[in-house]
Amino acid sequence: MRTYRRVARFLEGLGASIGIAALRLSIGVVYLWFAVPKFFPGISPAEPLVAETVQKLTLGIIEGTLACVLTGILEVVIGVLMISGRMPSLAIMILLGHMAGTFTPLILFPKETWDTFGVGTLEGQYILKNLVIVSAALVIIGRGSARKKPQDRSALAGSPVRASEPTGSRT
């Protein structure tokens with residue numbers, strides 16, 4: 001049991017020290033990894049679904065290869081912002097907007113994304129894994145804003161207040 005506690009404490013410390021950075025970097029790498037094939041027609045397995053989705057969402061204005069290339073550019077921007085750590089709030093806002101678009105095939109193209117109710121096709125599973133990316137992005141943005149906020153007024157004043165004491169004047 002002692003070894004378990006040691007390993008658990010080590011992992012907790014590792015998570016506390018590099019967890020957010022690891023999430024940010026891994027999301028960035030995944031975005032770049034999925035983006036690059038979109039610049040080369042016929043390479044990305046997601047190309048047909050991306051093209052159909054963008055075409056439907058833009059009412060036919062953007063279609064085919066252009067849809068894939070524009071999606072790839074958006075994904076590169078998100079990936080670079082996540083890896084660089086610059087403008088994390090902006091990166092996550094763009095990411096969440098992008099993710100909203102990635103979930104639309106589940107509704108727009110149910111025959112391509114669902115085998116039966118609750119059972120996704122390979123494309124549907126590919127889309128559903130984005131729930132993890134959305135959750136990780138929310139953790140990143142939540143931890144980032146938590147570091148910037150003061151905890152409470154007593155911590156700022158430098159005088160600890162016990163939970164049982166009133167926060168008003170002390171006599």
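Is Gly101 buried, partly exposed or exposed? Hi everyone, let's start with that one. Gly101 is partly exposed, because its relative accessible area is 25%, and buried would need a value under 20%. Gly101 sits in helix 4. Please keep in mind throughout that what we are looking at is a predicted model.

Let me stay with Gly101 for a moment. Its C-alpha atom is separated by 9.6 Å from that of Val50, and the two residues are 51 residues apart along the chain. We will come back to Val50 when we get to the pocket.

Now the overall layout. The protein has 171 residues, and 26% of them count as buried. Its secondary structure comes to nine helices and two strands. If you walk along from the N terminus, the order is α-α-α-α-α-α-β-β-α-α-α.

On to the pocket. What is the volume of the largest pocket? About 700 Å³. Thirty is the number to remember for its lining: there are 30 residues, and those nearest the centre are Val50, Thr71, Glu75, His98 and Thr102. The elements that give two or more residues to this lining are helix 1, helix 2, helix 3, helix 4, helix 7 and helix 8. Helix 2, which covers 47–57, gives the largest share, six residues. As for the character of the lining, 19 residues are nonpolar, six are polar and five are charged.

One of the residues nearest the pocket centre, Glu75, has a second story. Here is a bit of background first. Side chains of opposite charge can pair when their charged atoms come close. In this model, the count comes to one salt bridge. Which residue does Glu75 pair with? Its partner is Lys38, and the closest N and O atoms are 2.9 Å apart. This pair links distant parts of the chain, 37 residues apart: Glu75 is in helix 3, while Lys38 is in the loop between helix 1 and helix 2. Are these two buried or exposed? Glu75 counts as buried because its relative accessible area is 6%, and Lys38 is buried as well, at 5% relative accessibility.

Now let's turn to the surface. The loop between helix 1 and helix 2 also holds Ile43. At 56% relative accessibility, Ile43 counts as exposed, since the cut-off for exposed is over 50%. Ile43 belongs to a nonpolar surface patch of about 690 Å². Its fellow members are Val36, Phe39, Phe40, Leu66, Leu70, Ile73 and Val77.

Two other loop residues deserve a quick look at their backbone. Leu59 is found in the loop between helix 2 and helix 3. Although Leu59 is not a glycine, it has a positive phi of about 55 degrees. Leu59 is also exposed, with a relative accessible area of 79%. Met87, in the loop between helix 3 and helix 4, has a positive phi too, of about 50 degrees, and is not a glycine either.

Let me finish back in helix 4, where Leu90 lies. With a relative accessible area of 38%, Leu90 is partly exposed. The C-alpha atoms of Leu90 and Ile141 are separated by 9.9 Å, with their positions 51 residues apart along the chain.

So, to look back briefly: we met a pocket with a volume of about 700 Å³, a salt bridge between Glu75 and Lys38, and a nonpolar surface patch that includes Ile43. Thanks for listening!

Terms used. Residues are numbered from 1 along each chain as its sequence is written. This is a predicted model: local features need pLDDT of at least 70, side-chain atom pairs count only at pLDDT 80 or more; totals for chains, interfaces and linings use all residues. Side-chain values use heavy atoms; hydrogens and water are left out. Patches are made of residues with over 30% relative accessible area and no salt bridge: like charges are joined within 9 Å, nonpolar side chains (Val, Leu, Ile, Met, Phe, Trp, Tyr) within 5 Å. Accessible areas come from the Shrake-Rupley method with a 1.4 Å probe; for residues, only the protein chains shown count as cover. A salt bridge is a side-chain nitrogen of Lys or Arg within 4 Å of a carboxyl oxygen of Asp or Glu. Helices (H or I, at least four residues) and strands (E, at least two) are DSSP runs, numbered from the N terminus. Buried means under 20% relative accessible area, exposed over 50%, partly exposed in between (1.4 Å probe, protein chains only). On a 1 Å grid over the protein atoms alone, a cavity is a set of points where a 1.4 Å probe fits but cannot get out, and a pocket is an open set with protein on both sides within 12 Å along at least five of seven lines; lining residues have an atom within 4 Å of a point. Grid points are joined across faces, edges and corners, and a volume is the space filled by probe spheres set on the points. Ala, Val, Leu, Ile, Met, Phe, Trp, Tyr, Cys and Pro count as nonpolar, Asp, Glu, Lys and Arg as charged, and the others, Gly among them, as polar.
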